[in-house]
Structure formats: C-alpha cells, structure tokens
Amino acid sequence: MRFPALVPICFATLLTAACDGENSVSISATETQTGERGVLRVIDTLQCPETIGVLTRKGSAHDGGDQCLYTGPRGAEVSLKLVRLDDQPIETILDRFEQDLMRSMPHTAASLAASGEASEQRAEAESASAGARAAADEAGDAAADASGESARVRMPGVAVDAEGDRANVRLPGLTVDAQGDQASVRIGGFSIEADDASGSVDVSSADDTVSVQARDDAAEIRTRVPGDAVRTTYILTDNRPADEGWRLVGFEARGPSGGPVVIAVVHAKDRNSDGVFDSAKDLVTLNVGE
C-alpha cells in the first residue's frame, strides 16, 4: 500500500479537530445556539472606543456614526461599518464585501478559483470513469494479492480494505476513500476532498455552516451560525503577500435579521493577524452582542 496516499487523509481529518498553537486550524460545527448567544441588538450608531485589544482608533467616527477606522500591529487596518439592509438580501451584501476583499488579494483569489475549477473537472472525470475504474479494481485485486500489497480488517463497526494505492475505511461516523494522491473523507457532518498532488483541500459541512478551500499556502474560509440572525465570518489568507503587503483579509458580520448589521473588515500583513481579527470581533460584540 502506498503510504503517501494516506497523507491527505490525515491532513484533511485533522482539519476537523481542535489544535493548539498559533499556526493551527480548528473547525467545528454545532447545532443552532441562537438562544444561548442571546438576541443581537438593533443599533442606530456605532460605538467606537479609542482603543480595543490591539487596535487604536484613527480619528473619529465617519458617515454620521456609520463607520470607524482602526489601525493595528504591522500596519493592519480595520474598518468598522454599520450596514443597513434597505430591503437587500444579506447574502448580496456579504457577497459584495467578499468580492472587494478578493480584489485586495487577486493572486490568492485566482489561485483558489483555479483549484476549484480543477476539482470540479476531476469530480466529473471520476464520475464518468466509475465503471471503468470498477473493472480495473477487480483486475488490480488479483495483482495486489499476488504482490502481498493488500490488507483487510473486519471488526465490529470497523472495515478497512487497502490494495496497492487504494484504501477504503469505514468507522462509526467516518468514511475514507483514497486512491493515489486523492482522498474523500466523510466525518460527522463534514465532507473533505483532498488532493496531495495539487496540495488542495476542500472542506464543507452538510448544513453549509463551514466551508474551507485550501491550496498550498492559501486558504478561503467561510463560517456562519445557523439561525435568523446574521453571524458570519469570512477569511482569505496566503503566505504570499499582495502588492499592498496583505496576507490576511476578511470580515466579521453580525446583526439581527432585519439589520442593521455591523461588519468589521480586516486587512493584515501577518496571516496570523497579530490578534487583529480577535480585536475586530470584540468591536462587533461591543456593538451588537454575541
């Protein structure tokens, strides 16, 4: 069995586990917790303290109290905005913010878009060749058995089949199908598609509360909390800086379903954000709650 084929499995599975350390990724999904978090406040003007966390306000509030600007470590910038819906769907508004942030890191957005298109093409090719692959698998079984490169495990609730560069694992709440450099993982409510050859990993949740697309040193992350209120996070990050030096851009958006919605837009030159994103979230919490 080719052990490199299991590398994307391990990496993708770890994406769903909580990890310690500044460079870790932690993704989790829970049931709707709107009641526990409390009702978000309706506000008419922003609260913009002079300092909060690692951020310092730049000047005074703008646009009649609808916008405040902050600076942070290493030239980071945060723009706190009070956005009124005016009968626009919140999805349309948030998509506009995403598009603006993508233009701040065009090389990252283009790289991830190309990766997404390639993944779709691979999925179509995999579907089209399913019958042919099944026949090849049958032929490969005999070859694998002859070479000894095969393994089969059966235990209560556990099934593992490995032959050559293919592996299929079934555990309670977890399924893994791997062939060569590609792996598909289903764990809990998450679906993970990993391609070791292209260095890409795509993560999504069944209820669309989490979406992660990663390629090499770049990643695009979307999360939302289910419920009527708006609680959405968007992050685009890359080790390669944009022309302006940004390595991380994103926003935290929160507000009642009818608006207004408070959105903290973040631009940082360190992909770990130096605490800038956490401070931006604190600004949003100060204004509308959790």
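## A tour from the disulfide to the aromatic cluster

Start by selecting Cys48 and Cys68: a disulfide joins the two, with 1.7 Å from S to S. Keep in mind as you look around that this is a predicted model. A search of the whole structure finds 1 disulfide, and you have it on screen. Turn the view until you look along the S-S bond; the angle about this bond is 80 degrees, and the link of Cys48 and Cys68 is right-handed.

Now colour the neighbouring elements. Cys48 sits in the loop between α2 (34–37) and β1 (51–52), while Cys68 belongs to strand β3 (residues 67–71), so the pair ties together parts that are 20 residues apart in sequence. Are these two cysteines buried or exposed? Cys48 has a relative accessible area of 15% and is buried. Cys68 counts as buried too, at 0% relative accessibility.

**Zoom out**

Switch to a cartoon of the whole chain. You should find 6 helices and 16 strands. Of the 290 residues in the chain, 40% are buried. Turn on a surface if you like: the chain exposes about 14900 Å², and carbon and sulfur atoms supply 51% of that area. For the contacts in the chain with a separation of 6 or more, 48% come from residues 24 or more positions apart.

**Helix α3**

Next, select residues 90–104, which make up helix α3. Its 15 residues reach 22 Å from the first C-alpha to the last, close to the 21 Å expected at 1.5 Å a residue. Which residues of α3 are buried? Show the side chains of Ile90, Ile93, Leu94, Phe97, Glu98, Leu101 and Met102, and add Ser104 to complete the set. Stay with Phe97 for the next stop.

**The aromatic cluster**

A search of the whole structure finds 2 aromatic pairs. For one of them, add Phe251 to your selection: the ring centres of Phe97 and Phe251 are 6.2 Å apart and the planes meet at 65 degrees, so this pair is edge-to-face. Follow the backbone from each ring and you will see that the pair links distant parts of the chain, with Phe97 in helix α3 and Phe251 in strand β15 (residues 248–255), 154 residues apart. Phe97 and Phe251 are both buried.

Now add Tyr234. How are the rings of Tyr234 and Phe251 arranged? This aromatic pair is stacked, with 5.7 Å centre to centre and 25 degrees between the planes. Tyr234 lies in strand β14 (residues 230–238) and Phe251 in strand β15, 17 residues apart, and this pair also links distant parts of the chain. Tyr234 counts as buried because its relative accessibility is 0%, and Phe251 is buried at 0% as well. With Phe97, Tyr234 and Phe251 all displayed, you are looking at one aromatic cluster.

**A lysine over a tryptophan**

Move on to Trp246 and Lys269. Lys269 lies over the face of Trp246, at 5.5 Å from the ring centre. A view straight down onto the ring of Trp246 is a good way to see Lys269 over its face.

**Last stop: a glycine in a loop**

Finish at Gly164, in the loop between β6 (158–163) and β7 (166–171). Gly164 has a relative accessible area of 19%; the cut-off for buried is under 20%, so Gly164 counts as buried. Then pick Gln179 and draw a distance from C-alpha to C-alpha: Gly164 and Gln179 are 8.9 Å apart in space and 15 residues apart in sequence.

Conventions. Residues numbered from 1 in each chain as written. Predicted model: local features only at pLDDT ≥ 70, side-chain atom pairs only at ≥ 80, totals over all residues. Heavy atoms only, no water. Helix = DSSP H or I, 4+ residues; strand = E, 2+ residues; numbered from the N terminus. Buried < 20%, exposed > 50% of the residue type's maximum accessible area, 1.4 Å probe, protein only. Contact = heavy atoms within 4.5 Å. Areas by Shrake-Rupley, 256 points an atom, 1.4 Å probe, with all protein chains shown as cover. Expected span 1.5 Å × (residues − 1). Phe/Tyr/Trp six-rings, centres within 6.5 Å; stacked < 30°, edge-to-face > 60°. Lys NZ or Arg CZ within 6 Å of the ring centre and 35° of its normal. Disulfide = S-S within 2.5 Å.
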